[in-house]
Amino acid sequence: LPRQSTAAGVRWVKWPVREISELFTHSLREDLPRPVSAGEHALRIGSQEWLDLELEFMPGSARQVVLIIRGERLVWDREAGTLAAFGQRMPLRPVPAGTGRRSEFAAPWGPDFVPWEGSVRLRVLLDRTSLELFGEGGAVAASFCFLPGQPPGGALEVRDGEIPRARVTLRGLRPVWPQ
């Protein structure tokens, strides 16, 4: 397991292997319009079933920020400092710019954005029947099996306020097994 410096000292973290870049098919990096107002904002996921998605946002005044992927709602709650997914809650708080791991891929898949100070950062790996979450640079990680309730697609929903800045990186993945 990789180690990472955190505000609480050096910690073990989980993070996808660099070799995942061998499965990338395309990449889209998008800064959402500033500020991101309350409401639902479509993400340009298209018909992609397999994704490596990274979301970073500044919390602002929003009470909750919801990442919706294939009908599944990943709900970040400012007051609780948690991300709720699949009936579970895990800690996910704003972190300093230098905290945590980030994806560092060669062109055309990177280099990545420089993290913002005090942002919430989440990475999601999605395939047909599983979703893996990595937060705070890998200090928070979880894996879930699920059968998507909706076709490919996604959105970012901001509740009760706005977020000053948000950006997303979508990397399409090809299946590892021959079709």
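**Exercise 1.** In this predicted model, the side chains of Arg-73 and Glu-157 meet in a salt bridge with an N to O distance of 3.0 Å. State which strands the pair ties together, and how far apart in sequence these parts are.

*Solution.*
Step 1. Arg-73 belongs to strand β7 (residues 72–77), and Glu-157 to strand β13 (residues 154–159); the pair therefore ties together parts 84 residues apart in sequence.
Step 2. Arg-73 has a relative accessible area of 37% and is partly exposed.
Step 3. Glu-157, at 15%, is buried, because buried means under 20% relative accessible area.

**Exercise 2.** Find the salt bridge that joins Glu-157 and Arg-159, and classify Arg-159 as buried, partly exposed or exposed.

*Solution.*
Step 1. The side chains of Glu-157 and Arg-159 meet at 3.2 Å, N to O.
Step 2. The relative accessible area of Arg-159 is 23%, and this residue is partly exposed.

**Exercise 3.** Arg-171 forms a salt bridge with Asp-52. Give the distance between the closest N and O atoms, then locate both residues in the strands and decide whether Arg-171 and Asp-52 are buried or exposed.

*Solution.*
Step 1. The closest N and O atoms are 4.0 Å apart.
Step 2. Strand β14 (residues 166–173) contains Arg-171 and strand β5 (residues 51–57) contains Asp-52, so the salt bridge links parts 119 residues apart in sequence.
Step 3. Arg-171 has 0% relative accessibility and counts as buried; Asp-52 also has 0% and counts as buried.

**Exercise 4.** How many salt bridges does the structure hold?

*Solution.*
The structure holds 10 salt bridges.

Note on methods
Residues numbered from 1 in each chain as written. Predicted model: local features only at pLDDT ≥ 70, side-chain atom pairs only at ≥ 80, totals over all residues. Heavy atoms only, no water. Helix = DSSP H or I, 4+ residues; strand = E, 2+ residues; numbered from the N terminus. Buried < 20%, exposed > 50% of the residue type's maximum accessible area, 1.4 Å probe, protein only.
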